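The exercises below ask you to read a protein model from its strands outward to its cores and charged pairs. Each task is followed by a solution that goes step by step.

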Amino acid sequence: MADNDEIEKDFVHLARVALSGRTQDVLTYLHRIAKRRSLNKQFSGALIELLRKNPTRASPLRKGMEKALPTDTDSRFQLLRVEDTPLLQMEPVYTEHVQSTLSRLVNERQNLGALLEAGLEPTRTVLFTGPPGVGKTLGARWVARELGVPLIILDLSAVMSSYLGRTGSNLRHVLDYAKSVDCVLLLDELDAIAKRRDDAGEIGELKRLVTVLLQQLDDWPSSGLLIAATNHSDLLDPAVWRRFEQPIDFALPEEAGIRAFLGALLEEVAPDMSAWVDILSVSLIGRSYSDIEREVTLARRSAALNGKGLDHYLSQLVASDNHSKQERIEIAVRLVRNGLVTQRKAHEITGVARDTIRIHLKNNEVLKD
Ligand SMILES: Nc1ncnc2c1ncn2[C@@H]1O[C@H](COP(=O)(O)OP(=O)(O)O)[C@@H](O)[C@H]1O
Ligand SMILES: [Mg+2]
């Protein structure tokens, strides 16, 4: 029979490892106690039974990420998408400002010591705003990859489409989970919360939901990075907006951005696409990156299937967009100057009069001289 001293010591030791949250150490210690000969048979039997019923937990050293993911209790659909090792097809193209802000977020966490010594904490909450297809989701993936941590994505439009009555507790579950592991959490399509605002009868539930979100934003630990993304920042409750420490606006790409993106995109397609890059970087202004990617893929597909050559489909792409007169002239001039098409063809593609094209080509030459 174990004496009281021994039991008290075990108890204190067990309490210590349990409080430190090391489940594996608790289990190891319980196994050791259960095998102790001095133990009352009934007591050790109960312990062994308990350990036996917990076979998965008993498997050695589970990683944090293997914790069961919270699921939508109605549909059992997983609410979260976890990318353990975030991968990027290609490096994103951002403006100087966006790139340096994203790099700073990474830098803060990679040099945490310097911040802490100065009595500072790293940025905890970030809001990405901008139209669809400009690299917000991609940006969160980039940050996670740079930090070498998993990316956890909660798509709020999916959460909102599930039964609203549970959304508050679903959200709390997910956020609690994300807090407990080392990761970047992306709350994608944050405006989905705001969009439901108009539905009568659900106002109370929505208020609760926003309250949950606000609390979580305020309490977010600096050990984790929470990023929210929205295509409709105007729909966002100002109270939510204010909560984020760092807003980052992702705009539609300008000429330089499109040029860099197309350069990377067309690099593998043909040895020298620079002439087309020159044209398209003007003709595709106003489009998002994902739009541009799709158009180029469509043109490549058509070329591969119909044997007409990529040039043909790219010039169709140039012709298909609505452009101002000024832009059409610029496009026509670039088409001719790059030797891609004749002046007549440039006229057909852009609708700019051949005389006008000629005059601008001449002016350009004059300027260059
Ligand atoms: N800035 C960018 N640089 C490179 N590719 C981009 C960029 N923005 C978007 N893309 C392309 O478009 C796809 C969709 O982008 P995504 O980040 O999901 O847009 P958003 O979240 O802003 O709607 C990406 O997977 C990528 O292929
Ligand atoms: Mg997105």
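**Exercise 1. Find which residue of E3 is the bridge partner of Leu80, and set that pair in its strand pairing.**

In this predicted model, the bridge partner of Leu80 in E3 is Leu154. The next step is to look along the strands, where Arg81 has Ile153 as its bridge partner in E3. Both pairs can then be placed in the pairing of E1 with strand E3 (residues 151-155), which is antiparallel and extends over four bridges. On turning to E4, one finds that E3 and E4 run parallel and are joined by five bridges, with Ile153 standing opposite Leu186 in E4. As a last step, consider burial: four of the five residues of E3 are buried, so this strand is largely enclosed by the rest of the structure.

**Exercise 2. Work out the order of the six strands in the open sheet, and state which strands stand at the edges.**

Reading across the open sheet gives the order E1-E3-E4-E5-E2-E6, and the pairing is mixed. Strand E1 (80-83) and strand E6 (246-249) stand at the edges with a single partner strand each, so one side of each has no neighbour in the sheet. From one strand to the next, the twist averages 20°.

The helices that lie on the sheet can now be added. Helix H5 (residues 96-110) packs on the sheet and touches strand E2 (125-129), strand E5 (225-230) and E6, its direction making about 145° with that of E6. Helix H7 (residues 136-147) lies across E1, E2, E3, E4 and E5, and runs at about 175° to E4.

**Exercise 3. Decide whether Asp188 is buried or exposed, and identify the nearest side chain of opposite charge.**

Begin with the location, which is strand E4 (residues 184-188). Asp188 is buried and yet has no salt bridge, the nearest side chain of opposite charge being that of Arg81, 6.1 Å away. Since a salt bridge requires the nitrogen and the carboxyl oxygen to be within 4 Å, the next step is to ask what does surround this residue. Leaving aside neighbours within four places in sequence, Asp188 is in contact with Thr137, Ile153, Leu154, Asp155, Leu156, Ser157 and Ala229.

The solution can be carried on to Glu189, which is found in the loop between E4 and helix H10 (191-195). Glu189 has a positive phi of about 55° although it is not a glycine, and at 27% relative accessibility it counts as partly exposed.

**Exercise 4. Describe the largest nonpolar core, and find which helix gives the largest share of it.**

The largest nonpolar core has 35 residues, and those with the most contacts inside it are Leu262, Trp276, Leu280, Leu314 and Leu335. Two or more residues come from each of several helices, among them helix H13 (255-266), helix H14 (274-283) and helix H17 (325-337). The largest share, six residues, comes from H17. To follow one of these residues outward, take Leu335, which, apart from neighbours within four places in sequence, is in contact with Trp276, Ile279, Leu340, Val341, Ala346, Ile349 and Thr350. A second, separate core has 34 residues, including Leu127, Ile193, Leu217 and Phe244.

**Exercise 5. Trace the salt bridges of Arg259, Arg337 and Arg287, and find which residues are joined into one network.**

The side chains of Arg259 and Glu255 meet in a salt bridge of 3.2 Å, N to O, and both residues lie in helix H13, four residues apart, about one turn of the helix. Arg259 is partly exposed with a relative accessible area of 32%, and Glu255 is also partly exposed, at 26%.

Arg337 and Asp278 form a salt bridge of 4.0 Å, N to O, a pair that links distant parts of the chain, with Arg337 in helix H17 and Asp278 in helix H14, 59 residues apart. Here Arg337 counts as partly exposed at 36% relative accessibility, whereas Asp278 counts as buried at 12%. Arg287 forms a salt bridge with Asp291, with the closest N and O atoms 3.4 Å apart, and both of these residues are buried. Finally, salt bridges that share partners join Glu255, Arg259, Asp278, Glu330, Arg334 and Arg337 into one network.

Key. Residues are numbered from 1 along each chain as its sequence is written. Chains are lettered from A and ligands numbered from 1 in the order in which they are written. This is a predicted model: local features need pLDDT of at least 70, side-chain atom pairs count only at pLDDT 80 or more; totals for chains, interfaces and linings use all residues. Side-chain values use heavy atoms; hydrogens and water are left out. Buried means under 20% relative accessible area, exposed over 50%, partly exposed in between (1.4 Å probe, protein chains only). Lys and Arg count as positive and Asp and Glu as negative; His and the chain ends are not counted. Contact means heavy atoms within 4.5 Å. A nonpolar core is a set of buried Ala, Val, Leu, Ile, Met, Phe, Trp, Tyr and Cys residues joined through side-chain atoms within 4.5 Å. Two strands pair if DSSP finds at least two bridges between them. Axes are lines fitted to C-alpha atoms, for helices over the stretch in contact, and angles run from 0 to 180 degrees between N-to-C directions.
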